[in-house]
Amino acid sequence: MKEKLLEEKLLELAKVQRSLQEAVDKQSQLENYQREINDALMNVYKCGNELNLVEVQRYKDFINKLIVDISNQKVVINNITKLLAVKRNEVNEVLKEKKVLEKLKERQQKTYYFNFDQAQSKELDDITSSRYRIA
């Protein structure tokens, strides 16, 4: 039962890790896109031709939107990171419980075999002593 619970927790952890990686990738894409737009805006400035103020304003608005998207993505990453820590703690707790149960099982097996050996030894002693009395 604990093994099944452990597998479920590990799957949950893997899903959270995957979503974290996707969020980090999305943030990288947004940052790369922001750099590309910044470069395009700088090219408009360097071009030396007449500046199209509408076009410049569109670039600036889009850059501001990307900045907001990037900051929102950082919040998402932060939340997923916290969830990941919670899932790791859950996995660790299940692992601890599983180890405790395994140690308990080992102790019970040792006790059982010890008692079995004692009973077997006593039975052999009884058989030996009864044969000795008969002879």
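These are my notebook entries on charged groups, surface patches and one helix contact in this structure, which is a predicted model.

**Entry 1: the network of charged side chains**

I began with the salt bridges, and the count for the model came to six. I then followed the ones around Lys9, a residue that I found in helix α1. Lys9 forms a salt bridge with Glu12, and I noted 4.0 Å between the closest N and O atoms of the two. Both residues lie in helix α1, three residues apart, which is about one turn of the helix.

I next looked up how well each of these two side chains is covered. Lys9 has a relative accessible area of 18%, and I entered Lys9 as buried because the cut-off for buried is under 20%. Glu12 stands at 29% relative accessibility, so I entered Glu12 as partly exposed.

Where does the other salt bridge of Glu12 that I looked up lead, and to which residue? The partner is Lys87, whose side chain meets that of Glu12 with 2.9 Å from N to O. Lys87 lies in helix α2 and Glu12 in helix α1, so this pair ties together parts that are 75 residues apart in sequence. Is Lys87 buried or exposed? I wrote down a relative accessible area of 16%, and Lys87 is therefore buried.

From Lys87 I went on to Glu90, with which Lys87 also forms a salt bridge, the closest N and O atoms being 3.7 Å apart. Lys87 and Glu90 are both in helix α2, again three residues apart, about one turn of the helix. Glu90 has a relative accessible area of 25% and is partly exposed. I could then draw Lys9, Glu12, Lys87 and Glu90 as one network, joined by salt bridges that share partners. I also recorded a polar contact of 3.2 Å between the side chains of Lys9 and Glu90. As background to this entry, I kept in mind that side chains of opposite charge can pair when their charged atoms come close.

**Entry 2: charged patches on the surface**

I turned to the surface and looked for places where like charges gather. Which residues make up the patch of negative charge? I listed Glu3, Glu7, Glu8, Glu102 and Glu106. Helix α1 (2-46) and helix α2 (53-134) each supply at least two residues of this negative patch, and α1 gives the most, with three residues. I picked Glu102 for a check on exposure and placed it in helix α2. At a relative accessible area of 39%, Glu102 is partly exposed.

A patch of positive charge is also present on the surface, where Lys99, Lys103, Arg107 and Lys110 gather. I took Lys103 as my example here, and its place is in helix α2. Lys103 has a relative accessible area of 52%, and I entered Lys103 as exposed because the cut-off for exposed is over 50%.

**Entry 3: a nonpolar patch on the surface**

I looked up which nonpolar side chains group together on the surface, and found a patch formed by Met42, Tyr45, Leu51 and Leu53. Together these four residues have about 400 Å² of accessible area. One of them, Tyr45, has its place in helix α1. Tyr45 is partly exposed, and I noted a relative accessible area of 36% for this residue.

**Entry 4: Tyr59 and Ile37**

My last look was at Tyr59, which is found in helix α2. Tyr59 is partly exposed, with a relative accessible area of 22%. How far apart are the C-alpha atoms of Tyr59 and Ile37? I recorded a separation of 7.0 Å for these two residues, which are 22 residues apart along the chain.

Definitions and conventions: Residues are numbered from 1 along each chain as its sequence is written. This is a predicted model: local features need pLDDT of at least 70, side-chain atom pairs count only at pLDDT 80 or more; totals for chains, interfaces and linings use all residues. Side-chain values use heavy atoms; hydrogens and water are left out. Patches are made of residues with over 30% relative accessible area and no salt bridge: like charges are joined within 9 Å, nonpolar side chains (Val, Leu, Ile, Met, Phe, Trp, Tyr) within 5 Å. Accessible areas come from the Shrake-Rupley method with a 1.4 Å probe; for residues, only the protein chains shown count as cover. Lys and Arg count as positive and Asp and Glu as negative; His and the chain ends are not counted. The place of a charge is taken as NZ of Lys, CZ of Arg, CG of Asp or CD of Glu. Helices (H or I, at least four residues) and strands (E, at least two) are DSSP runs, numbered from the N terminus. Buried means under 20% relative accessible area, exposed over 50%, partly exposed in between (1.4 Å probe, protein chains only). A polar contact is a pair of N or O atoms within 3.5 Å; within protein, one must be able to donate a hydrogen and the other to accept it, and residues adjacent in sequence count only if both atoms are side-chain atoms.
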